[in-house]
Amino acid sequence: MYMEKVLSVDNLAVSFDNQNVLKDISFSVEKGEVLAIVGPNGSGKSVLFRALLGLIPYSGTVAWNKNLKISYVPQKLSIERDLPLNVEEFLALKESNRERIIQALKIVGLEDEHHIEKHLLRQRLGWLSGGQLQRIMIAWSLLDDPNVLLFDEPTSGIDLGGEGTIYNLLKKLGDQRNLTILLISHDLNIVYKYANNVICINKEMICHGIPSEVLDPKALARLYGGETSFYKHEHFDH
Amino acid sequence: MAARRVSTNMNILTINPLGLQLIVGVLIGIGAGFLGSFMVLKRMSLVGDALSHVALPGIAIAIMLSLNPFFGAFGTLFIGIIGIWFLERKTMLPSETLVGILFTLSLAIGILITPEPELLEALFGDINKIGSTDLFLTAGAVLITIILMQKIYKGVILDIISRDLTRSMGISVNTTNLIFLILVAIVVALGLKVAGTLLMGSLVIIPAAAAKNISINLKDYTLYAGIFGALCAASGILIAYYFSLPPGPMVVLASGALFLITLLLKEKK
């Protein structure tokens with residue numbers, strides 16, 4: 001179905017203080033694919049993203065296609081309530097053209113231009129709800145017309161009802177713009193519903209393939225159970 | 001010696017001494033307030049305070065060599081900052097610890113080598129002893145600080161929100177932080193004229209903290225911090241002049257009063 005490879009990862013390993021945090025990770029991603037990365041807390045999912053972006057030292061190969069624009073949204077943003085920075089100023093850190101900023105906000109479903117201009121853009125970033133902030137972060141990620149989006153837990157801090165909306169939006173944007181999306185998620189329902197492929201990691205690769213085929217009880221037991229002391233996330237049993 | 005320098009300079013530039021103090025004080029207030037606004041966001045306010053003490057040996061050396069104390073202060077601050085930047089990367093010790101060590105060592109050396117008559121001036125500042133050279137030096141340094149800050153502010157703000165996000169956009173956090181620290185060295189070295197090594201920290205912290213009380217966005221925040229810095233410097237210098245008090249502590253007290261007013265305004269919101 002997919003033709004063009006955008007990313008090849010071969011034998012990737014990351015270690016901190018001589019301790020392996022990730023090892024033997026190999027996979028590839030094709031253009032337009034939605035790849036979900038799942039695993040328990042502390043399994044190295046965020047570390048994998050940071051290695052893919054070249055933010056930390058690693059061994060092995062990470063080969064991105066040339067001329068790709070990659071947008072990354074990390075899981076943890078340190079935005080305190082009293083940070084004097086409004087939405088417009090935040091988005092302007094990436095894109096100075098106001099029209100393009102408004103356009104990006106409309107794309108993520110904030111369609112009322114009056115509301116955007118008079119309220120949202122002037123709102124302090126730290127005063128936004130979890131759902132609003134995630135929409136702003138998706139708008140942020142779209143500002144420079146990327147080909148690839150990397151989202152680390154795009155729905156952390158959002159209530160359950162809001163999660164689906166954010167994933168629907170990501171899926172719609174991905175389809176419309178032929179984006180390749182890599183997302184870290186703890187919610188297997190989301191993975192079944194939105195991802196073409198999944199890789200499960202727990203410091204090493206446990207499974208890789210189409211979610212309905214590879215996320216079998218055996219793989220899940222290896223991923224979340226066994227000798228590890230990690231806990232299954234509560235959404236997992238849905 | 002310093003008094004002679006003032007009178008010579010006054011011949012070149014016929015501004016009365018109070019006018020000169022006010023202009024230099026306001027310029028320093030703008031620079032310290034503006035840069036301080038970013039230091040407060042980066043949670044570096046106390047680092048700036050401690051760093052100001054590193055200037056003391058530099059001031060002593062400049063006095064001994066009959067140089068403008070700014071250059072001596074900037075010299076040791078620059079060495080201190082590069083040292084911290086380097087050691088932080090090599091030893092993985094937090095900059096807070098390194099600044100703490102450097103600050104006490106510098107203060108000890110500074111107190112030993114600063115000639116006694118100048119020690120009080122170095123510790124608490126004395127804007128009475130400035131000349132027209134200081135005016136040009138201050139104007140140039142504040143201008144450079146504001147221009148460079150405009151160039152690096154995106155990296156500074158993004159780094160506060162997320163270092164990974166900043167680096168993923170190809171912005172070098174290390175370079176940005178180094179430039180920022182050099183700007184801190186410049187502003188601290190300038191502010192020593194007004195508040196001395198012991199009180200300089202207040203010039204960068206208080207106007208910014210006051211501005212934060214009443215600002216929603218970054219533009220207002222940095223603007224108010226600069227304006228408040230200027231207001232506090234001017235009012236402190238004027239009060240000191242008319243009541244024959246030392247200017248440094250008066251500038252700090254004026255800042256404190258302004259902070260209280262903004263705090264009340266914040267509570268009312």
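Student: What angle do the axes of helix H2 (residues 17–41) of chain B and helix H9 (residues 173–214) of chain B cross at?

Tutor: The axes of H2(B) and H9(B) cross at roughly 60° and come within 7 Å. Axes are lines fitted to C-alpha atoms, for helices over the stretch in contact, and angles run from 0 to 180 degrees between N-to-C directions. This is a predicted model, in which local features need pLDDT of at least 70 and side-chain atom pairs pLDDT 80 or more, while totals for chains, interfaces and linings use all residues. Residues are numbered from 1 along each chain as its sequence is written, and chains are lettered from A in the order in which they are written.

Student: Why are H2(B) and H9(B) called oblique to each other?

Tutor: Angles under 35 degrees count as roughly parallel, over 145 as roughly antiparallel, 65 to 115 as roughly perpendicular and the rest as oblique. The crossing is at roughly 60°, and H2(B) and H9(B) are therefore oblique.

Student: Which residue classes make up the contact of H2(B) with H9(B)?

Tutor: The contact has 18 nonpolar, seven polar and two charged residues. Ala, Val, Leu, Ile, Met, Phe, Trp, Tyr, Cys and Pro count as nonpolar, Asp, Glu, Lys and Arg as charged, and the others, Gly among them, as polar.

Student: What makes a residue of chain A count as buried, and what percentage does so?

Tutor: A buried residue has 20 or more other C-beta atoms within 10 Å of its own, with C-beta atoms placed from the backbone. Of the 238 residues of chain A, 39% meet that definition.

Methods: A residue is buried if 20 or more other C-beta atoms lie within 10 Å of its own, exposed if 12 or fewer, and partly exposed in between; C-beta atoms are placed from the backbone. Helices (H or I, at least four residues) and strands (E, at least two) are DSSP runs, numbered from the N terminus.
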